[in-house]
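Reader: Hi! Could you walk me through this model?
Author: Happy to, here it comes.

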Amino acid sequence: MSEQQENRDYDHKKSVRDSASIANNQTEENSKPQQGTEPFPVWLLIICGIILIVGGTYVGANSGGFEFANNSKSGYEPGVPAGLSGKAPELSEFEKYVNGGEAVYKAVCNGCHQATGAGQGQIPPLLESEWITNGTERFAQIVLNGIRGPITVKGVSYGGQEMQAQKGALNDKQIAQVMTYVRSKFGNISETVVTKEMVESARQKFGDRPTQYTAGELSPAETMLQGDQPDWVSPEEPEAEPENGGESAQIHSGQMGNEQINSKTA
Ligand code: HEC
């Protein structure tokens, strides 16, 4: 083999090698499959499809539209947890009336006498106070016109702060209800209520007074406001309708701000 031929052979081999390596780099062959990326097997897809169709048909045919009545055992009554009737408790007329008073109390008296009726500092307690458990006339006088100066409540003397008149802020019904609420909640008195008519006549008698009362000027401890009790107070006729049923009371303006409340229908 001549030297020239040898060189030609060499060139040829080299060019084949070069073009092969270029082809290798630009290959269009699929790359080596990676683990986990294999295509989903068709047979498994078909089995899944069959299971879905059969299962769906079964559930559809036997579920009864997922209605409770179609799925419960006959005679089964869903249980109600003890103490829950599933219905809001029926309120007696007295409770409705007292609830109206509670709304007034929360809007007006609460800030001073506290929700518990315990008072604070120079503000005396209403809880078991003799000023609320005794006669209702002096209680009405206090609420209508306010009170100032020394007053003894449950053996403790107060007088450092004044209570403003509430007659401008509250109407007769609201005063009647809040007095009934206070007497019931803090004095445990539920056999008598203060009616709107009682407060109306108290306002006529005492409402013109321009200043607050002092304790000594109040009516005697045992004097009750005069007037009939509503029919529903007597246990014999619990179903009777209260007077002024459905009327909603509003606080117009008051020392505690312009809070407007709708007392619950009584
Ligand atoms: C601004 C605070 C304030 C508000 C609001 C207020 N009170 Fe009073 N109340 C007092 C103070 C202070 C006294 C004691 C006054 C004194 O020392 O002479 C008092 C006294 C009383 C007393 C007589 C003493 C006692 O503790 O039994 C009654 C009853 C009473 N308040 C009921 C009410 C009711 C009901 C309301 C809501 C309608 C109300 N008060 C709203 C501050 C307030």
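Reader: Which element gives the largest share of the shell around the ligand?
Author: H4 does, with five residues. Helices here are DSSP runs of H or I with at least four residues, strands are E runs of at least two, and both are numbered from the N terminus. This is a predicted model, so local features need pLDDT of at least 70, side-chain atom pairs count only at pLDDT 80 or more, and totals for chains, interfaces and linings use all residues. Residues are numbered from 1 along each chain as its sequence is written.

Reader: Cool. How many residues surround the ligand, and which are the closest?
Author: There are 31, and Cys109, Cys112, Pro124, Ser129 and Met163 are the closest. A residue is near a molecule if its C-beta atom, placed from the backbone, lies within 6 Å of it. Two or more residues each come from H4, H5, H6, strand S1 (151–153) and H7.

Reader: And how do the shell residues divide into nonpolar, polar and charged?
Author: The shell has 20 nonpolar, nine polar and two charged residues.

Reader: Switching to H6: why is it largely enclosed?
Author: Ten of its ten residues are buried, so the rest of the structure largely encloses H6. Buried means that 20 or more other C-beta atoms lie within 10 Å of the residue's own; 12 or fewer is exposed, and in between is partly exposed.

Reader: What do those buried residues pack against?
Author: H5, H7 and H8 are the packing partners of H6's buried residues. After H6 comes Gly146, with a positive phi near 80°.

Reader: Which residues touch the most other members of the largest nonpolar core?
Author: Ala140, Val178, Met179 and Val182 do, in a core of 36 residues. Helices H4 (93–113), H5 (130–133), H6 (136–145), H7 (172–187) and H8 (196–206) each give two or more residues to this core.

Reader: What is Val182 in contact with, leaving aside neighbours within four places in sequence?
Author: Its partners are Tyr105, Leu126, Ile132 and Gly187. Contact means C-beta atoms, placed from the backbone, within 7 Å.

Reader: How about H2, how many of its residues are buried?
Author: Zero of its 21, so to speak hardly covered. Just after H2, Gly64 has a positive phi of about 65°.

Reader: Last one: what is the mean pLDDT of the chain?
Author: The mean is 83, and 81% of residues reach 70 or more. pLDDT is the predictor's confidence in each residue, from 0 to 100. Over residues 262–266 pLDDT stays under 50.

Technical notes: A nonpolar core is a set of buried Ala, Val, Leu, Ile, Met, Phe, Trp, Tyr and Cys residues joined through C-beta atoms within 7 Å. Two residues are in contact if their C-beta atoms, placed from the backbone, lie within 7 Å. Ala, Val, Leu, Ile, Met, Phe, Trp, Tyr, Cys and Pro count as nonpolar, Asp, Glu, Lys and Arg as charged, and the others, Gly among them, as polar.
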